[in-house]
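Good morning, and thank you for coming. Please look at the sequence and the structure on the screen, and keep both in view while I speak.

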Amino acid sequence: MRKNWLKHRLSIYVLVCNFILLAVLTIPNSFTVTAMPQLPIPPGIPRGDVLVIENGVVCPGGWGPDPYQFNYYQVGWATACTGFLQTGCGSPLWYMNLTSGELILWLTEKPPIYSTDYKTLWIMLRKGISWSDGHPFTADDLIFTIEYCRKYPELGLCNVRITTNVESVRKLDDYTVEIKLKEPNPYYHYEWTMRHYGWPVNFYVIPKHVFEKIEDPVKYKFYPPVCLGPYKIVDADPTGKWYLWERLENWWGTKLLGIKPSPKYILFVALGSQERSVIAMANNELDFTEFTSEYVRIIMDRNPYAWAWNKRDFPWAWTRDEGTRELVFNILKYPFNLTEVRWALTYAIDYKVIFDAYKTPDGSSIVPNPLPVSRFYPLEQLYVSGLKTELMKYNLDTTPPSYIQDYLRVLGLDDAITWYKHDLEKAEELLKSVGFYRGSDGKWRLPDGKIFEVNLISLPGAEFSFPLVHIVADQWRRFGVDVKLEVIEAYWDRVYSHTWDVAFEWPGGGFPTLDWWETPREWHSKNCVPGARLPWVGYIMCYGLPPEKIPEGVRKNIEVAKTVFPDREKLDNLVEKYIDTPPWDPRIVDIVKDLLSIHLKYKFWITVFSPARYMVGNSYCWEGWPTLKERYAEPKPYCSSFLFTILGLKPSERCPIKESTTEPAKVPKGLTVELKPLVSEYPPTVTPTVITTPTMITITVVEERTRTIISTITTKVVEEVPTIDWTLLITMALVTLVIGAAGGYLIRARKK
Amino acid sequence: MLPKHLIKYFLFRILILLATIFTAFTITFVILKIMPIDIVNNIIARSMAVTGAALGDPEAVRRMYEIYYEIFGLKGTFIEQYVSFLNRFLTMDFGISILARPATVQEVISYRLPWTVALLVFSTILSWVIGNIIGAVVSLFEGSKLSNILQSLAIILYPIPYYVFALVLIYIFGYIIPLFSLTPIRLPSNIFSLEFIITVFRAMTLPALSIIVIGALGWWFLSSRAMALNIISEDFYLYGEIRGLPKLHLLKKYLLKNILLPQITALSINLGTIFGGALLTEILFNYPGLGTLLYQAVNAGDYPLVLGIVSMSIIGVAVATCIMDLLYPLIDPRIRYR
């Protein structure tokens, strides 16, 4: 009896405890206590003087294992997780205004000047610029950067980039540099223009007076960095969780251009997870971060000051990412070498399901995209709308749901172009046309009777891969294809083993310029060699070549199928034309259209969408975040052009300030010019007369606005990072322990 | 002078220690080498993914592969690399981390080791002490209200994974009652100041709580209680009770002493494993420990860093076990007189 009662009592206790626990967890939000920010800043700095930003999705955990590694050109250095280095400290020669495609003259006084044969580039630097330590910035620094990379092969990427392109470099005067190129290349200025991320996409100039004293360049960390941007580093967390930057009061940009960023301090934090970012922003401890679609709703609910892309209204999503998301086929493997199979798999995808899966409560979602071209000005007008007739031939959905069309209209996109029709009959017909047949179990069989299997691979945590790959795998399975989905950590090794069938990648995209972007350069058959990005572009360069011309590394791992590509020569010719045509030349438009048409016809990649990113600014302490209607900059925290977002901010009156300026930085209009490099027969210092100025195609988009801002950096911090001799410490601890144990034993033995 | 059999015992244990370390290192090295991860591929492929076609001509990229293999010390046969890493292991100089290049492995570990040690030593020992004492005490008062409440709590808490409990803590103390800020901390330079103590306390409390509560009221409590109940049913304990010995005496001399032997062994192994960090706790609390570092290193294929951390863990566990073996004669007379 007593035992039974005990048993019941125990159950009651368990229930009561559970109830208490649940009650605590379900306390209504109205009981939420407002937190006092506890930021990792020195005492005495008011909250309103600090702009707290995070690179929440691209780099949630903070920069890698050594937070004091600030040397751009060090082997293995990542790009997006830079703790604000590239945004606040590094300065490119030119920025590209990502809202308009225009060029911003930053460390330079003029756009790039090419010789008529495009084998020489003259760069005219701005006079009066100084590094953060006060040392003047001159042509010597730029030349030193090039020579430094050329001199040390052990620097890897920077060495490869320079030795591939640059024949020689010389100084014409203290502010004019002449770069002789190995091959004619009217695109070379892109190497020095900030379009995306920062290094390793574009070069940064390094200070000669600092680097020339370094004995071993491959061991140099460049901490504290000497900068050209408007902020200097004050302190960094030894574990890489935060970096504190302070505005340079004697910054050259303020003196020469009158640009003074408002925030006195920038605290760049890594909160580690979206949950923590939500809580931090709800507590006003965070001013800007990127949220995933799962979390943006929560922050919009919890913080009335949170601004998404259209403030608090639809659409929250910012869809102007430079990359599109693709399912890339391994076209060297049977049966993916067959265009019919690739198209059949495309038609077996229902884009509406994907759109709905990514939808947030406001109605935002990904932007369906039938081409590997970013959907924004001028690419949308030139290439997406421009190829509408072509797209119609490939079963474009002519009756898309109205809510998707509404969404496209709000974004200023062509609402008649969504995606391909979900057409299983067509898919079936295509597969049958190449000898496939359905088995009694409903699964597709290859002509030889084997089951049609697709090995779809994806990198875990790759942005926007989830839930896409799962939905596609599911839809293909429903269609009767045996899909083996692998989301693997060793993704890159797997990709370069060539053994996969379809991979989730992001080789498409583009910048707001006529030339789309450089990816077609790789499609030329001359690039079907080891060392090229073969799997990244789905082996387009090898398509149509006899198997013996495929690199041995590929042939060793997979059985290379025979590929038939009647347009091989045409594609090669187009790529050659593309390379020879300057990016500002209107003729480039037709070349790109032709390239895209071939890509479309053979369906090398299934471009699924342009991603929807949720860039949320907290206007509690800082106001003026760029929005859909006030698009003065693209709010990309992983790009160094995020600086322009910062320059547009001003403090609200809700947080106390001491040294932040009350107005946003004013950026002179004259700094932004058309992307129209000059072409000259002579070096600018010899004969400054420009003889050719090619014309641009101008496309007017009503709601396109550009408000450009500018600035630069300077830094100085000297702090030795203490290191501990752990070997000695551990050894000593062990010895002490052993001695202690033995001593204890002896004492005890004697007592006995 | 130590008796001969004890000297022999000590020497044998030390020999076992060395053999364990060597075997574990070899196994780790072999596993790392057979893993399908190539850090050079990782670095170059990631760079390629962001740089577009601007990377350089294929021949130059091929050269870059060669250079990277050379500078990362990944050239040479399996045996050559093994000897090279063994040499590094013996000198405890693991060279340069590939991920954090040009920082050395020691340097990178030194940034995080204090955090891991502080959190895990503190929380492991505390949960061990609390769990064992409560377990033993409760067994003495089996059937009482306190015993039932604690038992209920343990039954609820034990199956909860500690990361779920961690999320609950974050939600309650980071959001509902925001006593603890979730932004990373900044350590004051003066380590003897009150501010320093408060800052460390603020950073460590929630992660430590998640481990202590689950650990103390979970496994340590349940196991010590179970052992204590076994001992209570033994004749020698019954005899002690019949003799009218006070409860405290019974607890100290009869119960705890007998519980301690297996529990100390478990504790020593637990302490040895702290060098591996607490991955999920670190991720959830954004805590800068060795767990996330090891995870990053394994994923990337940073052999020197993985071997650096794993070697510490191997040595930690092996030495902890060895020390316990050496201490057993002090705790257990049966071994001393064997």
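What percentage of the 752 residues in chain A is made up of buried residues? The answer is 63%. Before I continue, I should state that this is a predicted model.

Let us take the two chains in turn. Chain A contains 21 helices and 26 strands. Among the contacts in chain A with a separation of 6 or more, 72% come from residues 24 or more positions apart. Chain B has 14 helices and zero strands. Read from the N terminus, the elements of chain B are therefore written as one α after another. Of the 338 residues in chain B, 56% count as buried. For contacts in chain B with a separation of 6 or more, residues 24 or more positions apart account for 74%.

I begin with the strands of chain A. In one open sheet, four strands of chain A follow the order 8-2-3-25, and their pairing is mixed. Which strands lie at the edge? They are strand 8, residues 193–194, and strand 25, residues 672–673, of chain A, and each of them pairs on one side only. Inside that order, strand 2 (residues 94–96) and strand 3 (residues 103–105) of chain A run antiparallel and are joined by three bridges. Trp94(A) stands opposite Leu105(A), which belongs to strand 3 of chain A. As a general point, side chains in a regular strand alternate between the two faces of the sheet.

A second pair of strands in chain A forms a hairpin. Strand 9 (residues 231–236) and strand 10 (residues 242–247) of chain A pair in the antiparallel sense, over five bridges. Tyr231(A) has Arg247(A), in strand 10 of chain A, opposite it. Five residues lie between the two strands of this hairpin, and in the turn Gly240(A) has a positive phi of about 75 degrees.

Next, some details of the backbone in the loops of chain A. Where are the cis peptide bonds that I wish to show? One runs from Tyr334(A) to Pro335(A), with omega near 5 degrees. Pro335(A) is placed in the loop between strand 14 (325–329) and helix 9 (339–347) of chain A. Another cis bond runs from Tyr377(A) to Pro378(A), with omega near -5 degrees. Pro378(A) sits in the loop between strand 15 (367–368) and helix 11 (379–384) of chain A.

Asn395(A) is a residue other than glycine, yet its phi is positive, near 70 degrees. This residue, Asn395(A), lies in the loop between helix 12 (388–392) and helix 13 (402–410) of chain A. Is Asn395(A) buried or exposed? Its relative accessibility is 19%, and because buried means under 20%, Asn395(A) counts as buried.

We now turn to chain B and its helices. Helix 6 of chain B, residues 145–157, offers a simple check of geometry. It has 13 residues, so at 1.5 Å a residue it should span 18 Å, and its end C-alpha atoms are indeed 18 Å apart. The buried residues of helix 6 of chain B include Leu150(B), Ala154(B), Ile156(B) and Leu157(B). Polar names appear among its buried residues too, including Ser147(B), Asn148(B) and Gln151(B).

How do two helices meet? In general, two packed helices are described by the angle between their axes and the distance between the axes. The axes of helix 8 (residues 194–232) and helix 10 (residues 247–272) of chain B come within 9 Å and cross at roughly 145 degrees. The crossing of helix 8 with helix 10 of chain B is right-handed. On the side of helix 8 of chain B, the residues in contact include Trp220(B), Met227(B) and Ile231(B); on the side of helix 10 of chain B, they include Tyr254(B), Leu255(B) and Pro262(B). The residues of this contact divide into 11 nonpolar, five polar and no charged.

Finally, consider one loop of chain B, between helix 4 (78–91) and helix 5 (105–140), where Phe94(B) is found. Phe94(B) counts as buried, because its relative accessibility is 3%. Phe94(B) and Gly308(B) are 214 residues apart along the chain, yet their C-alpha atoms are separated by 6.0 Å. Among the residues that Phe94(B) touches are Val105(B), Pro304(B), Leu307(B) and Gly308(B).

Met92(B) lies in the loop between helix 4 and helix 5 of chain B. Its phi is positive, near 55 degrees, in a residue other than glycine. Met92(B) is buried, with a relative accessible area of 17%.

Thank you for your attention.

Note on methods: Residues are numbered from 1 along each chain as its sequence is written. Chains are lettered from A and ligands numbered from 1 in the order in which they are written. This is a predicted model: local features need pLDDT of at least 70, side-chain atom pairs count only at pLDDT 80 or more; totals for chains, interfaces and linings use all residues. Side-chain values use heavy atoms; hydrogens and water are left out. Two strands pair if DSSP finds at least two bridges between them. The expected span of a helix is 1.5 Å times one less than its number of residues. Buried means under 20% relative accessible area, exposed over 50%, partly exposed in between (1.4 Å probe, protein chains only). Axes are lines fitted to C-alpha atoms, for helices over the stretch in contact, and angles run from 0 to 180 degrees between N-to-C directions. A crossing is left-handed if the near helix is turned anticlockwise from the far one by less than a right angle, and right-handed if clockwise. Contact means heavy atoms within 4.5 Å. Lists of a residue's contacts leave out its neighbours within four places in sequence.
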